[in-house]
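Here's a protein structure to look around in together. Have the sequence and the 3D view handy as you read.

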Amino acid sequence: MATLKSLRTRINSVKSTRKITSAMKMVAAAKLRRAQEQAQAARPYAERMERMLGSLSASLAGSEGAPPLLAGTGRDAVHLLVPVSSDRGLCGGFNSSIARFVRAKARRLIADGKTVRILCVGRKARDMLRRDLGNLIIGTIDEIGRPSLGFHHAEKVAHRITQMFGAGEFDVCTVVYNRFKSAISQVVTEQQLIPFAPPAARAEAGAPDTDGRALAAYEYEPDEAEILADLLPRNLSVQVFRALLESNASEHGARMSAMDNATRNAGDMINKLTLSYNRQRQAMITKELIEIISGAEAL
Amino acid sequence: MADTIEFELVSPERLLLSRPVEMVVVPGSEGDFGVLPDHAPLISTVRPGIIEVYEGGKVTERIFVAGGFAEVNPERCTVLAEVAMPVGEIDRAQVEQELRDLGDDLAAAKTDEAREDVQAKIHVAESKLQAVATVH
């Protein structure tokens with residue numbers, strides 16, 4: 001049985017832990033709101049971009065000499081995985097679910113005889129994957145979103161990807177990130193960046209192509225190929241940006257709920273400890289009383 | 001007033017403008033073009049310059065964009081800008097300072113690629129200055 005003094009210090013230490021976790025929760029909540037707004041603000045751009053690219057690629061479909069960013073290298077041998085994680089921990093299952101997904105995907109690809117390379121975004125993905133997939137990691141980009149997430153961060157990542165693609169280092173690029181569903185739920189999502197998967201193909205079943213009639217009639221200035229050459233790298237940055245924003249919002253959401261749980265657990269623990277502290281204190285008082293009474297009776 | 005076209009200006013960070021207007025003049029890479037309602041469908045790249053929004057027969061907004069894309073169809077004109085800011089917010093002194101810094105960068109750039117990069121930035125900054133000059 002712990003002594004009264006050790007119980008008392010224990011209670012105090014849990015109390016200060018609770019203060020920290022509840023402060024972190026508040027901070028995460030404030031940041032979450034901002035991140036969520038940012039993610040929402042960026043959505044129209046990504047949507048318009050996709051629409052434009054969709055109509056462009058539809059008009060170019062089937063023609064020879066489509067740029068490799070759109071059509072891919074024609075091979076499927078080397079895969080680049082880009083897990084988007086955070087730089088800091090204490091955010092529940094946020095990073096480990098990304099790591100788990102990447103690990104499973106890498107194993108599957110390797111079992112299929114493909115080569116896998118991993119470019120980590122955020123320090124935590126690297127830390128978690130280093131142990132068993134360390135030899136596949138070719139680089140890490142961290143300090144993303146500090147002081148605040150901007151488009152230039154996405155450009156940095158996208159630039160690195162296009163550079164590697166230009167050098168022929170991979171054939172297929174997939175980004176893995178936590179999509180923000182709500183503050184308590186994040187969904188691990190993979191999105192293929194290269195070759196470009198047009199949204200029409202992805203959402204075909206859901207939405208019939210309403211502007212199909214208008215698509216064919218577009219004029220291009222300058223010609224399609226030139227616009228496409230401009231638009232594709234741009235789109236890559238935008239998609240990366242979207243992934244970063246979603247991941248950023250998810251991170252704060254995950255941290256908020258993790259810290260909320262931690263605060264609640266600390267509260268429970270304090271209650272339990274206080275209970276046993278009081279019991280023990282009373283037991284000691286009772287014991288002392290019995291000693292005094294039995295001593296008086298003996299006289 | 002039925003004679004309006006839905007105009008949208010979006011940058012990666014936010015939706016800047018979305019409202020029906022009478023006419024917009026967009027600095028296309030092959031020359032400026034005005035967009036009125038019922039314009040023929042068009043997709044164009046945009047060079048650094050000023051987007052002018054016309055309402056009630058006169059310019060109501062002048063917005064600087066640093067390149068991007070424009071999509072036009074009969075009902076709607078969408079501009080995806082890389083950087084967009086109202087001309088009034090451009091700080092002349094700041095841009096001039098930027099331009100000087102870029103000049104140094106250009107001298108320091110070693111590879112052709114880096115040089116091209118800086119050159120593009122200089123072009124944007126110069127267009128910004130021009131944009132300011134046309135207003136004052």
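Let's start with Leu90(A), which counts as exposed because its relative accessible area is 55%. Keep in mind that this is a predicted model. Where does Leu90(A) sit? You'll find it in the loop of chain A that runs between strand S1 (78-83) and helix H3 (94-111). Try tracing from there to Met24(A): the two residues are 66 residues apart along the chain, yet their C-alpha atoms are separated by 9.5 Å.

## Stepping back to chain A

How many helices and strands does chain A have? It has eight helices and six strands. If you walk along the sequence, they come in the pattern α-α-β-α-β-α-β-α-β-β-α-α-β-α. Chain A has 299 residues, and buried ones make up 42% of them.

## A positive patch

Now look at the surface for a patch of positive charge, where Lys31(A), Arg33(A), Arg34(A) and Arg88(A) gather. Take Arg34(A) as one example: this residue belongs to helix H1 of chain A, which covers residues 4-60. Is Arg34(A) buried or exposed? Its relative accessibility is 55%, so Arg34(A) counts as exposed.

## Salt bridges

Over all chains, the structure holds 22 salt bridges. Here are three from chain A, with the distance from N to O.

| Pair | N to O distance |
|---|---|
| Asp260(A) and Lys25(A) | 3.2 Å |
| Lys114(A) and Asp76(A) | 3.5 Å |
| Glu251(A) and Arg255(A) | 3.2 Å |

Start with the salt bridge between Asp260(A) and Lys25(A), whose closest N and O atoms are 3.2 Å apart. This pair links distant parts of the chain, since Asp260(A) is in helix H8 (residues 224-298) and Lys25(A) is in helix H1, 235 residues apart. Asp260(A) counts as partly exposed because its relative accessibility is 24%, and Lys25(A) is partly exposed too, with a relative accessible area of 29%. There's a bit more to this spot: Lys25(A), Asp260(A) and Arg264(A) are linked in a network of salt bridges.

Next up is the salt bridge where the side chains of Lys114(A) and Asp76(A) meet, at 3.5 Å from N to O. Here again distant parts of the chain are linked: Lys114(A) is in the loop between H3 and strand S2 (115-121), and Asp76(A) is in the loop between helix H2 (68-71) and S1, 38 residues apart. Lys114(A) has a relative accessible area of 23%, so it's partly exposed. Asp76(A) is partly exposed as well, with a relative accessible area of 39%.

The salt bridge between Glu251(A) and Arg255(A) has another kind of layout. Both residues lie in helix H8 of chain A, four residues apart, which is about one turn of the helix. Are these two buried or exposed? Glu251(A) is buried, because its relative accessible area is 11%, and Arg255(A) is buried with a relative accessible area of 9%.

## Over to chain B

Find strand S3 (residues 23-28) of chain B. Five of its six residues are buried, so S3(B) is largely enclosed by the rest of the structure. Which strands does S3(B) pair with? One partner is strand S6 (residues 49-55) of chain B, in the antiparallel sense over three bridges. In that pairing, Val25(B) has Glu52(B) as its bridge partner. Another partner is strand S4 (residues 31-35) of chain B, also antiparallel, over five bridges. There, Gly28(B) is matched with its bridge partner Gly31(B). S3(B) and S4(B) form a hairpin, with two residues between them.

## A strand that meets both chains

Finish with strand S5 (residues 42-46) of chain B, which is mostly covered, with five of its five residues buried. In a regular strand, side chains alternate between the two faces of the sheet. For S5(B), both faces are covered: Leu42(B), Ser44(B) and Val46(B) are buried on one side, and Ile43(B) and Thr45(B) are buried on the other.

What does S5(B) pair with? Strand S6 (residues 219-221) of chain A runs parallel to S5(B), joined by three bridges. Here Glu221(A) has Ser44(B) as its bridge partner. Strand S8 (residues 68-73) of chain B runs antiparallel to S5(B), and five bridges join them. In S8(B), Val72(B) is the bridge partner of Leu42(B).

Conventions: Residues are numbered from 1 along each chain as its sequence is written. Chains are lettered from A and ligands numbered from 1 in the order in which they are written. This is a predicted model: local features need pLDDT of at least 70, side-chain atom pairs count only at pLDDT 80 or more; totals for chains, interfaces and linings use all residues. Side-chain values use heavy atoms; hydrogens and water are left out. Patches are made of residues with over 30% relative accessible area and no salt bridge: like charges are joined within 9 Å, nonpolar side chains (Val, Leu, Ile, Met, Phe, Trp, Tyr) within 5 Å. Accessible areas come from the Shrake-Rupley method with a 1.4 Å probe; for residues, only the protein chains shown count as cover. A salt bridge is a side-chain nitrogen of Lys or Arg within 4 Å of a carboxyl oxygen of Asp or Glu. Lys and Arg count as positive and Asp and Glu as negative; His and the chain ends are not counted. The place of a charge is taken as NZ of Lys, CZ of Arg, CG of Asp or CD of Glu. Buried means under 20% relative accessible area, exposed over 50%, partly exposed in between (1.4 Å probe, protein chains only). Two strands pair if DSSP finds at least two bridges between them.
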